[in-house]
Amino acid sequence: KTLEPVSFGGRQWCARKLHWCVRPMACGQQEVSHLLSDLEEERLDEGVLLGGRGWAYSRRRLALASSAVLAAALAAAAFAGLLGGPAPSAAAPGVADVAHGLTGLTSASPMLSELYGKYVFITSHRGERLEDLYGNPRLSANSGTEDMWILSDARNGRMFITSSIGQQLEDVSRRPTMSPRKQGWESWTLQDAGEGKVFITSHEGLHLSDNNGNLTLVRNALEWEIWTLSEANIPQPTPPTPSKDRLGSFLAIGDWGWDQFSHGNLYSTRCQQAIANKMLLKMNELGDVKFVVNVGDSFYPNGLSGKDDPQWDTKWRQIYPSKVRSVPWYSVYGNHDYHADPGVCSSEPNVGAQINGDVNDLSRFYMPSYSWFREHPELNLEVVGLDLNKFQNGWQHQLTYDEHNFGDCQWTTCKDQCHSVVEDRTAEAFKLFGQRMEQSTTKNLLVFSHYPSDYFSAMPEFVRNLSRTDRHSSIAYFGGHRHNTDKTSVASTAPNTNWCVGGGGGWSCDGQEQGFVVGEIYADEIKTYEVLVDPKVCCPSSQSY
């Protein structure tokens, strides 16, 4: 008589009278059976060896033990404790290892506890290492920092497996991925596979598998699911000592808030996530990042509808590692940010969903008004953020100032009022810029808006002012909107510098340069350079989706 199949430990089992049939998949495939006696007994019986592994059985279930568990007394002691029977004898050699190997990583497991909280390599049966490359788990023969992982407590006998760049290995829809989220599908159990090896089992009971060099999740109990953990013997990175001449640094990015329902030729968060990971690596390398400059289009396609919009989580907090969000994000509105934002229909600044005047509130951006400035005397720097959304059509260089208008008012709930509000904010922005150019006493001036410098053909005096050196030793300007990261497509502000930083991975590739810009602040100079991801990660011309 064939009994109902059961699932235990992420595997399928079938019971037949006087037989336990151990099968890699569903019943009826690749049967490996062993005749045992006393099937109806509640007590546990002898351990057996099937396919190179040790097994024990009861009337209720089968459970995986170490392949070393062959003696009936040892098997009974170990599994009785797991199934609610008498506690295993502390004197029995290997019992604690078996029990804890089956229930996850605990301090009682010498094989695993020694690695807990340390950098480890996770090596498959083929000798390839699990690695996190641009936020994607893969297998390779490398031995770089992308191969290192940290095991940490996820409670209930489970753990997080976190890469060296802060991403967690997860099981989403039964496929291995990487993300910074903590929603349950990132928790894993390590199960003893014998001989110092482990099974890595997801919250759904699926086993991480290396099948011919492909990383998958399966229910089988075959050799390509066995992994070896070994200490990387590489000290955890510590922040470097910045150059004593450098006062601090910052990162600049824009156009990053990817949306699954509305986007250009980027078809997933892969590009945005890869850039976010690079930002973390660069922050670790610099060791003195003071803030992030965010030039807007943070939430595609329509911005936020309120201060507690869930997109704060899905498009920002769950993408950018916590360390990247541990400094203020100095921000302005992009054109997309205005669509659903109540602030575009009001002259009151605090109505805006992104407006936040508390620089210590790192749960959202720092943007005290639509145009604003902040002094940093310790950096000999002043930061000026400008709302210049009137120039959305600045790519049309023949337009006069009066002919420019914010075309995206059509997507708001107050089209006529929107045009009036944006006109007023543009005038306020240029007034503020003029004041700070004359009144600021710092050597360095950092200015940014959503639009690149070549969008201001109708305001040539603005571009000329960005080129001045009579009042400031260095002026650095950042804009976005065009989805690339470069300083070649913009209008020159020499001898000063300016960048387009719209290649944040949120909408499309308008070029192959996707990434962000680093600014290093010195007493009388801001040095800038780009940090880009591999174009194959982002751009369709280099990657088939």
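A nonpolar core is taken here as a set of buried Ala, Val, Leu, Ile, Met, Phe, Trp, Tyr and Cys residues joined through side-chain atoms within 4.5 Å. In the predicted model examined here, the largest such core has 54 residues, and the members that touch the most others are F448, F462 and F478. Helix α6 supplies the largest share of this core, with seven residues. Another core, of 35 residues, lies apart from it and includes C271, M283, V292 and V327. In soluble globular proteins, nonpolar side chains tend to be buried together.

The protein as a whole comprises eight helices and 30 strands. Of its 545 residues, 54% count as buried. The exposed surface amounts to about 22600 Å², of which carbon and sulfur atoms supply 49%. Among contacts between residues at least 6 apart in sequence, 63% join residues at least 24 apart.

Helix α6 covers residues 415-439. At 1.5 Å a residue, its 25 residues should span 36 Å, and the end C-alpha atoms are indeed 36 Å apart, so the expected and computed values agree. The buried residues of α6 are C418, V421, V422, R425, T426, A429, F430, L432, F433, R436 and M437; the list thus contains the arginines R425 and R436 beside residues such as V421 and F433. The cover over these buried positions includes the strands β23 (372-376), β24 (381-385), β25 (444-448) and β26 (474-479), together with helix α7 (460-466). F462, one of the residues that touch the most other core members, is in contact with F430 and F433, and also with L386, L388, F456 and Y477, when neighbours within four places in sequence are left aside.

The strands that cover α6 belong to an open sheet of six strands, ordered β23-β24-β25-β26-β28-β27, with mixed pairing. Its edges are formed by β23 and β27 (485-486), each of which pairs on one side only. Within this sheet, β25 and β26 pair in the parallel sense over five bridges, and L446 has A476 of β26 as its bridge partner. Strands of a sheet pair through backbone hydrogen bonds, either parallel or antiparallel.

Further strand pairs occur elsewhere in the chain. Strand β20 (residues 248-253) pairs with β21 in the parallel sense over five bridges, with S249 standing opposite V289 in β21. Five of the six residues of β21 (residues 289-294) are buried, so this strand is largely enclosed by the rest of the structure. The antiparallel sense is found for β17 (residues 207-211) and β18 (residues 214-218), which pair over five bridges; the bridge partner of H207 is V218 in β18. These two strands form a hairpin with two residues between them, and N212 in the turn has a positive phi of about 55°.

A search of the whole structure finds 32 aromatic pairs. The rings of W329 and F365 have their centres 6.1 Å apart and their planes at 10°, so the pair is stacked, the limit for stacking being 30 degrees. W329 lies in strand β22 and F365 in the loop between β22 and β23, so the pair ties together parts that are 36 residues apart in sequence. Both W329 and F365 are buried. The pair of F391 and F430 is instead edge-to-face, at 6.0 Å centre to centre and 80° between the planes. This pair links distant parts of the chain, since F391 is in the loop between β24 and α6 whereas F430 is in helix α6, 39 residues apart. F391 has a relative accessibility of 0% and therefore counts as buried; F430, with a relative accessible area of 15%, is buried because the cut-off is under 20%. Ring pairs also link F250, F291, Y330, Y366, W372, F448 and F478 into a cluster, and two of its members, F448 and F478, are among the residues that touch the most others in the largest core.

The loop between β22 (329-331) and β23 also contains G352. With a relative accessible area of 0%, G352 is buried. Its C-alpha atom lies 9.0 Å from that of S305, although the two residues are 47 apart in sequence. Leaving aside neighbours within four places in sequence, G352 is in contact with K307, Y333, D341, G343 and Y370.

Methods
Residues numbered from 1 in each chain as written. Predicted model: local features only at pLDDT ≥ 70, side-chain atom pairs only at ≥ 80, totals over all residues. Heavy atoms only, no water. Helix = DSSP H or I, 4+ residues; strand = E, 2+ residues; numbered from the N terminus. Expected span 1.5 Å × (residues − 1). Buried < 20%, exposed > 50% of the residue type's maximum accessible area, 1.4 Å probe, protein only. Contact = heavy atoms within 4.5 Å. Pairing = 2+ DSSP bridges. Areas by Shrake-Rupley, 256 points an atom, 1.4 Å probe, with all protein chains shown as cover. Phe/Tyr/Trp six-rings, centres within 6.5 Å; stacked < 30°, edge-to-face > 60°.
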